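Colleague: I am new to this structure and should be grateful for a guided discussion. May we begin with the terms that the discussion will need?

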Amino acid sequence: MSSSPQVVRRHRLLLPQPPHAREQGPPGGHKAENIVWSDSLLSTKERSILIGSKGATIWLTGLSGSGKSTIGALLEKRLIEYGLLAYRLDGDNVRFGLNKDLGFSEEDRFENIRRIGEVVSKLFTDCGIITICSFISPYRSDRDDVRKIFERDELPFFEVVYVRVPLEVAESRDPKGLYKKARSGKIKGFTGIDAPYEEPEHAELVLETFVDIALGSSLKCLHAVGAKLRMRA
């Protein structure tokens, strides 16, 4: 069975590289030519020891209105109050800058998540920052590709947290009025209405925010993440 060009392009991102890959850069697809990867004089572990901080990425995924941004903001605040270096990346916020050239087509959504995984959260994690990513990230393959980026570059900590809420609950909350616009046809390709959301199959943690309030969910996430960070100490 033949694959669409877009699916082929996705899979090519993570294909194994030929023996001369070190001359071209780290594994992964790119268009640039005549480039040479410049190695750091420190490994991720050595950098972590010297600065006294271990990086991690906590990837919050779920429908619009599920509580990802609220949980992410609370989690960032608590981690910093505990003396840990943490930073939150929010789906809307990055579209004001880094990803302002992207829309909400399937291809643009893919590129949005690829940039966050490859350019931001991976680099933040490598330099010792606990990075909290709050993104709808509706496609399972896109989230899996980010995980593979971390595995490829041997970064030690990538956790998917599924912020689960039934569509009807998310729609009843509708904090930005987006569901109402999608139902009326003013917004096309809106996740949960006329675009899919693919639930994670192997999330490290599931937060059911229609049961727990955001504060309770953020504390549950904090305890789970804190336990795993202590295991790495």
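Modeller: A residue is called buried when its relative accessible area is under 20%, and exposed when that area is over 50%. Please note that the model is predicted.

Colleague: With that cut-off, is Asn112 buried or exposed?

Modeller: Asn112 belongs to helix H6. Beyond residues up to four places away in sequence, Asn112 touches Val94, Arg95, Asn99, Leu102 and Phe135. Its relative accessible area is 5%, so Asn112 is buried.

Colleague: Which residues touch the most other members of the largest nonpolar core?

Modeller: In soluble globular proteins, nonpolar side chains tend to be buried together. The elements that give two or more residues to the largest core here are strands S1, S3, S4 and S5 with helices H4 and H10. Of its 16 residues, those that touch the most other members are Ile58, Leu60, Leu75, Leu79, Val161 and Cys221.

Colleague: Which residues does Leu75 touch, not counting residues up to four places away in sequence?

Modeller: Leu75 is one of the 16 residues in the largest nonpolar core. With residues up to four places away in sequence set aside, Leu75 touches Ile58, Ile132, Ser218, Cys221 and Leu222.

Colleague: How many residues form the second, separate core?

Modeller: This core includes Trp59, Val120, Phe135 and Phe158. Phe135 is also among the residues that Asn112 touches. The second core has 13 residues.

Colleague: Which residues lie nearest the centre of the largest pocket?

Modeller: About 640 Å³ of space lies in this pocket, and its lining has eleven nonpolar, 13 polar and nine charged residues. Helices H4, H5 and H6 each give two or more residues to that lining. Of the 33 lining residues, those nearest the centre are Ser64, Lys68, Asp92, Ile136 and Lys176.

Colleague: Is Ser137 buried or exposed?

Modeller: Ser137 is found in the loop between strand S3 and helix H7. Most residues other than glycine have a negative phi. The phi of Ser137, however, is positive, near 35°. Its relative accessible area is 4%, and therefore Ser137 is buried.

Colleague: What is the phi of Glu154 near, and is Glu154 buried or exposed?

Modeller: Glu154 lies in the loop between helix H7 and strand S4. Phi of this residue is positive, near 60°. Because its relative accessibility is 70%, Glu154 counts as exposed.

Key:
Residues numbered from 1 in each chain as written. Predicted model: local features only at pLDDT ≥ 70, side-chain atom pairs only at ≥ 80, totals over all residues. Heavy atoms only, no water. Core = buried A, V, L, I, M, F, W, Y, C linked by side-chain atoms within 4.5 Å. Buried < 20%, exposed > 50% of the residue type's maximum accessible area, 1.4 Å probe, protein only. Helix = DSSP H or I, 4+ residues; strand = E, 2+ residues; numbered from the N terminus. Contact = heavy atoms within 4.5 Å. 1 Å grid on protein atoms, 1.4 Å probe; cavity = no way out; pocket = protein on both sides within 12 Å on 5 of 7 lines; lining within 4 Å. Points joined across faces, edges and corners; volume = space filled by probe spheres on them. Nonpolar A, V, L, I, M, F, W, Y, C, P; charged D, E, K, R; others polar.
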